[in-house]
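Got the viewer open? Set a cartoon view, keep the selection box handy, and let's walk through this one stop by stop.

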Amino acid sequence: MEMVTQPNVSWKLLREIMVNSMQMKHRMNQVKEIARSKTALNSSITFGGNFANTLLSLVCTIFVSRALGPTEFGILATFNALMATLIGLTDFGLGTTAIKLISKYLEPERRKASVVMNVIVKLELGTGIIVAIIGLLFAGPIAHVLGGSQFIVPVKLAFISGAFMTAAAYYGTFFAAYGQFIKNALVNFSGAVLRLGFVLLLFTAAKLNLDNALIAYTAVPVMFFFIGLSFIPRDFLFRP
């Protein structure tokens, strides 16, 4: 009896091994296809750009923290936090919707894509202007809430920086809709390079104090706005 069942058991085991091997090979082929796909390439570019930006920001923070004392570095940190908050509050979810609409109409009906881009640009620029006005008008009360009059200038500069970053929020949207991920990564990387460059110059010249740091951190979004403006697709200039 054992001599009869043993071959059957061995055959079933061999067949199961062969099936698992074929399934594993199929999955590996799927992984290879995904890795070679355009989506994977674009994701890698985006990840690489974000990683490089984060690394440069970390280096920049190290130099700034060494040059400033705890109190001044805390004020600069408040400036950065306020600017990031403003950018987050003015993100109305337009990016995802705009990417879908622009991508949908870009090839078959470019005119409609241009109309969407034109509307997005006007909304973002208008939001940026509103942010700047609010900051200039209410810098005093906001500074009082944050801790006192020493925050007035940082608050004003944070609102100015936030205004330019808000106005430039559509850059990434346009690049993504057009599939220009390398341009998007390079434009974002330019901002991190500029900030680190300013910090290194000030640090080397022994002039990296709070005032100069705030000026440098404010100048970068302004320059970033104009740098990105020269690289984005020009279809938004269409006038409906």
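A contact here means heavy atoms within 4.5 Å. With that in mind, among contacts in the protein chain between residues at least 6 apart in sequence, 81% join residues at least 24 apart. Keep in mind as you click around that this is a predicted model.

**The overall view**

Colour by secondary structure to begin. You should find nine helices and zero strands in the protein chain, so to speak a one-letter pattern: α-α-α-α-α-α-α-α-α along the sequence. Now switch to a colouring by accessibility. Of the 240 residues in the protein chain, buried ones make up 33%.

**Stop one: aromatic rings**

Select every Phe, Tyr and Trp and show the side chains. The structure holds nine aromatic pairs. Zoom in on Phe63 and Phe203, which meet edge-to-face, with 5.0 Å centre to centre and 75° between the planes. Why does this pair tie together parts 140 residues apart in sequence? Because Phe63 sits in helix H2 (residues 38-67), while Phe203 belongs to helix H8 (residues 181-204). Phe63 has 22% relative accessibility and so counts as partly exposed. Phe203 is partly exposed too, with a relative accessible area of 30%.

Next, select Phe164 and Phe225. They form another edge-to-face aromatic pair, 5.7 Å centre to centre and with 75° between the planes. This pair also links distant parts of the chain: Phe164 is in helix H6 (residues 152-167) and Phe225 in helix H9 (residues 210-229), 61 residues apart. Buried or partly exposed: which word fits Phe164, and which fits Phe225? Phe164 is partly exposed, at a relative accessible area of 25%, whereas Phe225, at 10%, is buried.

Keep Phe164 and Phe225 on screen and add Tyr170, Tyr171, Phe174, Phe224 and Phe226. Ring pairs link these residues into a cluster.

**Stop two: the largest pocket**

Turn on a surface and look for the largest pocket, which has about 900 Å³ of space. Its lining takes in 37 residues, and the ones nearest the pocket centre are Met165, Ala168, Asn184, Asn188 and Phe224. Phe224 should be familiar, as a member of the ring cluster.

Which helices should you highlight around the largest pocket? H2, helix H3 (70-89), H4, helix H5 (110-146), H6, helix H7 (170-178), H8 and H9 each supply at least two lining residues. The largest share, seven residues, comes from H8. Colour the lining by class and you get 19 nonpolar, 15 polar and three charged residues.

While you are there, pick out Asn184, which is found in helix H8. Asn184 has 18% relative accessibility, so it counts as buried, the cut-off being under 20%. Leaving aside residues up to four places away in sequence, Asn184 touches Gly172 and Phe175.

**Stop three: the second largest pocket**

Now move to the second largest pocket, with a volume of about 170 Å³. To show its lining, select Ser57, Cys60, Thr61, Val64, Phe73, Leu76, Ala77, Asn80, Met83, Arg195 and Tyr217. The elements giving two or more residues to this lining are H2 and H3, and H3 provides the largest share, five residues. By class, the lining of the second largest pocket divides into seven nonpolar, three polar and one charged.

Two of those lining residues deserve a zoom. Arg195 lies over the face of Tyr217, at 5.6 Å from the ring centre.

**Stop four: two last selections**

Where does Asn212 lie? Select Asn212 and you land in helix H9. Asn212 is partly exposed, with a relative accessible area of 24%. Show its neighbours: not counting residues up to four places away in sequence, Asn212 touches Leu202 and Lys207. Then draw a distance from Asn212 to Phe198: these are 14 residues apart along the chain, with 9.3 Å between their C-alpha atoms.

Finish at Thr96, in helix H4 (residues 94-106). Is Thr96 buried or exposed? Its relative accessibility is 52%, so Thr96 counts as exposed, the cut-off being over 50%. Add Thr173 to the selection and draw the C-alpha to C-alpha distance: Thr96 and Thr173 are 77 residues apart in sequence and 7.6 Å apart in space.

Definitions and conventions: Residues numbered from 1 in each chain as written. Predicted model: local features only at pLDDT ≥ 70, side-chain atom pairs only at ≥ 80, totals over all residues. Heavy atoms only, no water. Helix = DSSP H or I, 4+ residues; strand = E, 2+ residues; numbered from the N terminus. Buried < 20%, exposed > 50% of the residue type's maximum accessible area, 1.4 Å probe, protein only. Phe/Tyr/Trp six-rings, centres within 6.5 Å; stacked < 30°, edge-to-face > 60°. Lys NZ or Arg CZ within 6 Å of the ring centre and 35° of its normal. 1 Å grid on protein atoms, 1.4 Å probe; cavity = no way out; pocket = protein on both sides within 12 Å on 5 of 7 lines; lining within 4 Å. Points joined across faces, edges and corners; volume = space filled by probe spheres on them. Nonpolar A, V, L, I, M, F, W, Y, C, P; charged D, E, K, R; others polar.
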